[in-house]
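Me: I should like to learn how the features of a model such as this one are read. Please begin with a helix and its covering.

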Amino acid sequence: MIRVPRFTPLQRALHWIMAVCILTMLFIGVHMVSSINPKYLTLITIHKTLGIVILVLALIRLAVRLRSGAPPLPLDLPEPMKLAAHLSHYALYALMIGLPLIGWAMLSSAGYPIVLWGGIWLPPIAPQSDGLHTVLWQAHVWLALLFYAVILMHVAAALFHALVRRDGVFEAMGPELNHRAEATSPAHQPAE
Amino acid sequence: METPLPEPLRPPLRSALGSLVLIAAVVAFGAAAFAYTAAWLSPQKLTPDRLVEALAPPSGPALGHRRNHAKGICFTGVFEANGAGSELSTAQVFAKGEYPVVGRFNLGTPDPDAADASVRVRGIGVMITTPDGEEWRTAMINPPIFAVSTPQGFYDLLEASASKDPDAMGAFVQAHPEFAAFGGWAKDGPWTGSYAEERYNGLNAFVFTDSAGDRRAVRWSIIPAAEPVPVSPEELAKRGPNFLEEEIAERIKQGPLRWTMAVTVANPGDPTADPTKAWPDDRRKIEVGTLTVQAIIPEPDGPCRDVNYDPTVLPNGMATSDDPFPAARSSAYRVSFDRRAAEAKDYPRTAPGASL
């Protein structure tokens, strides 16, 4: 019997809670900006509140990741896939932390109050400025679309590991699948 | 928790192919669901972008300017609350006291160079800040009722007005009988020669929450201290193209300009979701304070220039109601703001370095 190294239970919990939050966030985001219905106001309030929740969770998750690390990737994983795995993880962390901050700064630079669910008012984190607002607004839109594209690639890669390579990478974060997986240990190497 | 794994086994080729097809299907479904949610697949849906684009004249929008109510002039002043509003709402702005205001008199036109006498609807944007850090933004206009019942109706009105088809407006009025009241005001309602003589009406219904948690539907207006003097539109047309801005800048030299803010409380069953329907005159009215305009500042360097008078920026103790307009206005004003901020170089600022 060979055991696949997995992320810690805390890391797995954070991953799946945030997966739900982030997908909800992105779908609300593209929907609300195309909506003029009264639900627009509800959606934008959820969007701002969830953004702050994601920011806090992402910072906790980054700290946990720095402390607990990640399970090693399989030794026989081709180099381009290893590189893609590492780069996509950097991108995901940068977007999880960056997008809420950019959104918060974007609202600040437009002089809007930032009001969360429950009537919580946040202070501005950027000066009011047309030029700054434009940069942040464009960044918020395009990075959000990029985020969704990276998530789709992340899902595709996870399923590739689960269904095609069956190398234990999916199981490191996902549920334990009942199919027969390829032995990978001791052929794993440290991820970082 | 660690997973026990059996002996190594590569999946057979056919199963791998099937898996790749499955993965591609998952990604394609994810992309399609996203595009659907974003309305990229629904070219007929009324989006804030389409609403804002419909405001533009055939020659295109005035870059760098608000997409509607594009012509205006800034003011600063105070809102002096008399304390009576605290009965209706916990917002600090109703607690007895003076709170600073940044506002804007404006004309309901997408053309920042429109002649003042050519524009029927006059408006005021008001932003009041309170020491607790909260804000109340409201944008009011001088007609007593709104033109249409729904945001879609407003879009239809814009389309009909812009149409080259001579029957378009007729067809619109047939389809929107609620337009008759506004049409009557536009045709026969009084004109004045001053922003200071106008009564401005919020028209949309909002919900105030008092300290006991009771919620009441309200609308608000500001009533001028200056006596309105009716002037015929023919007479106004003889004045200069900017007579309203010139008049208000002159008038302020004689002293501050004042309006009384009155909040009207709906009775149960009064229509809150339709700003074309006025509430009966006998509804309870509470005077909550006085808006005092102390200084007039041209817009190019004025403090109102970069303010989005989004009517959904409300302090705690005020909220939107089932009136569909504040949400639609908020979404459209946001698009207008995003666009004009990005076009700041096209806006004729007077002071170099006035913006970043």
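Reply: In this predicted model, the buried residues of helix H3 of chain B are B:Pro151, B:Phe154 and B:Asp156. Helix H4 (168-175) and H8 of chain B are among the elements that cover them.

Me: Which general property of an α-helix helps in reading such a list?

Reply: An α-helix has 3.6 residues a turn, so residues three or four places apart point the same way. As for length, the 12 residues of H3(B) should span 16 Å at 1.5 Å a residue, and the end C-alpha atoms are 17 Å apart, which agrees.

Me: How is the packing of two helices described?

Reply: Two packed helices are described by the angle between their axes and the distance between the axes. Here, the axes of H2 (residues 48-55) and H3 (residues 151-162) of chain B come within 9 Å and cross at roughly 35°. The crossing of H2(B) and H3(B) is left-handed.

Me: Which residues of H2(B) and H3(B) meet?

Reply: From H2(B), B:Leu51, B:Ala54 and B:Leu55 meet B:Tyr155, B:Leu158 and B:Glu159 of H3(B). The residues of this contact comprise five nonpolar, no polar and one charged.

Me: Helix H8 was named as part of the covering of H3(B). Why does B:Ser330 count as buried?

Reply: B:Ser330 belongs to H8 of chain B, which comprises residues 325-342. The cut-off for a buried residue is 20 or more other C-beta atoms within 10 Å; B:Ser330 has 22 C-beta neighbours inside that distance and therefore counts as buried. Leaving aside residues up to four places away in sequence, B:Ser330 touches A:Tyr40 and A:Leu41, together with B:Asp310, B:Pro311 and B:Thr312.

Me: How should the faces of a strand be read?

Reply: In a regular strand the side chains alternate between the two faces of the sheet. Strand S5 of chain B, residues 135-141, has seven of its seven residues buried. On one side lie B:Glu135, B:Arg137, B:Ala139 and B:Ile141, and on the other B:Trp136, B:Thr138 and B:Met140, so that both faces are covered.

Me: How many bridges join S4 to S5(B)?

Reply: Seven bridges join S4 (residues 122-129) of chain B to S5(B), and the two strands run antiparallel. B:Gly123 stands opposite B:Ile141 in S5(B). The hairpin of S4(B) and S5(B) has five residues between the strands, and B:Gly133 takes a positive phi near 90°.

Me: What is the wider setting of these elements?

Reply: Chain B contains eight helices and 11 strands. Of its 356 residues, 39% are buried.

Notes. Residues numbered from 1 in each chain as written. Chains lettered and ligands numbered in written order. Predicted model: local features only at pLDDT ≥ 70, side-chain atom pairs only at ≥ 80, totals over all residues. Helix = DSSP H or I, 4+ residues; strand = E, 2+ residues; numbered from the N terminus. Buried ≥ 20, exposed ≤ 12 C-beta atoms within 10 Å, placed from the backbone. Contact = placed C-beta atoms within 7 Å. Axes fitted to C-alpha atoms, helices over the stretch in contact; angles between N-to-C directions. Left-handed = near helix turned anticlockwise from the far one by under 90°. Nonpolar A, V, L, I, M, F, W, Y, C, P; charged D, E, K, R; others polar. Expected span 1.5 Å × (residues − 1). Pairing = 2+ DSSP bridges.
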